Amino acid sequence: MSIAPGHLALQDVSFTIGGRSLVRNVSLTVAPGEMIGVIGPNGAGKSSLLRTIYRTNRPSAGRVTVNGEDVWQRPATWVARHVGAVLQDMPADFPLTVRDVVAMGRSAHKRLLEADSAHDHALIEAAIELLQLRPLETRAFRTLSGGERQRTLVARALVQQPAVLVLDEPTNHLDIHHQLQLLRFVRSLGITVVAALHDLNLAAMFCDRIAILHKGEMVATGTPEAVLTEANLASIFRIEATLARNPRTNTIWVMPA
Ligand SMILES: Nc1ncnc2c1ncn2[C@@H]1O[C@H](COP(=O)(O)OP(=O)(O)OP(=O)(O)O)[C@@H](O)[C@H]1O
């Protein structure tokens, strides 16, 4: 499956709701094919920020552009064709099968009730294979485990062929084998990814760059080595940690004490 990676830019994005400022003046540029991890303590504003990209939180100031187009100036269908999202705990109380849910990813590319074309069909099949969903294909989505749901939702996002893929805590519900498998897989696609992650070591292993959000502000961006410092871990995450390198991957390894 080949997806043309897009360019994403957030320019001075702020988001305020009910008088509460959840995101303040965040700027971030993500190059085509780059994978960016957004980390930060609970309540830092990670999900609120990601929602401005997939057109759910309209910024109170600033712009979000995908391939130079302002996502808030374009119709929702344009955004649905260009931005894919896998969110935490998506509602599952509907009678669709795994295959139906994956096929839904094509809907933004089609007219209402238009049948699947051979191209749609090929993409759906490829995503089912890639995410190893074949044995689950005819199961009701609501009967899946958390990890199986997550894989289905990633497959749905991939058939959208999004220029930018937004993942909000994609490893939630996944055991360590599936966490690694999912991130390795997403990474191998060469697409543009912005992922909110809680596991700092996984963020360091898979992301080209990491952005740290703290109290709604982006307080650091850079390579994992540049931002995962003892000082940042103490002041932002409130932990004392020793930093080392993973001997196998040579990536930064945070060891809390
Ligand atoms: N619609 C809303 N109205 C009011 N407050 C909100 C709204 N959405 C989020 N918040 C608050 O904004 C803050 C940031 O929430 P957000 O979910 O963006 O943080 P997060 O960094 O993703 O957190 P977590 O790591 O816990 O998932 C939280 O205090 C949350 O309660």
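# Asking how the labels are earned

Visitor: How do the residues of the shell around the ligand divide?

Guide: Into three nonpolar, seven polar and two charged. Nonpolar here means Ala, Val, Leu, Ile, Met, Phe, Trp, Tyr, Cys or Pro; charged means Asp, Glu, Lys or Arg; the others, Gly among them, go down as polar. Bear in mind that this is a predicted model: local features need pLDDT of at least 70 and side-chain atom pairs count only at pLDDT 80 or more, while totals for chains, interfaces and linings use all residues. Numbering starts from 1 along each chain as its sequence is written.

Visitor: Which residues surround the ligand?

Guide: I17, G18, R20, L22, G40, N42, G43, A44, G45, K46, S47 and S48. To be near the ligand, a residue needs its C-beta atom, placed from the backbone, within 6 Å of it. Two elements, β2 (20-30) and α1 (46-53), give two or more residues each, and α1 has the largest share with three.

Visitor: How many helices and strands does the protein have?

Guide: Nine helices and 12 strands. They are DSSP runs numbered from the N terminus: H or I of at least four residues for a helix, E of at least two for a strand.

Visitor: What makes the protein as compact as a globular protein of that length?

Guide: Its radius of gyration is 18 Å, close to the 18 Å from the globule rule for 257 residues, so the label fits. That radius is taken over C-alpha atoms, and the rule is 2.2 Å times the number of residues to the power 0.38.

Visitor: In the open sheet, why is one side of β6 and β10 left without a neighbour?

Guide: The six strands run in the order β6-β7-β8-β3-β9-β10, with mixed pairing. β6 (83-86) and β10 (217-222) stand at the edges with a single partner strand each, so one side of each has no neighbour in the sheet.

Visitor: What joins strand β7 to strand β8?

Guide: Five bridges, with the strands running parallel. Pairing takes at least two bridges found by DSSP, so β7 and β8 qualify. One bridge partner of note: L167 goes with A195 in β8.

Visitor: Why does D116 count as partly exposed?

Guide: D116 has 13 C-beta neighbours inside 10 Å. Within that 10 Å, 20 or more other C-beta atoms would make a residue buried and 12 or fewer exposed, with partly exposed in between; these C-beta atoms are placed from the backbone. So 13 puts D116 in the partly exposed class. D116 lies in the loop between α3 (98-104) and α4 (118-130).
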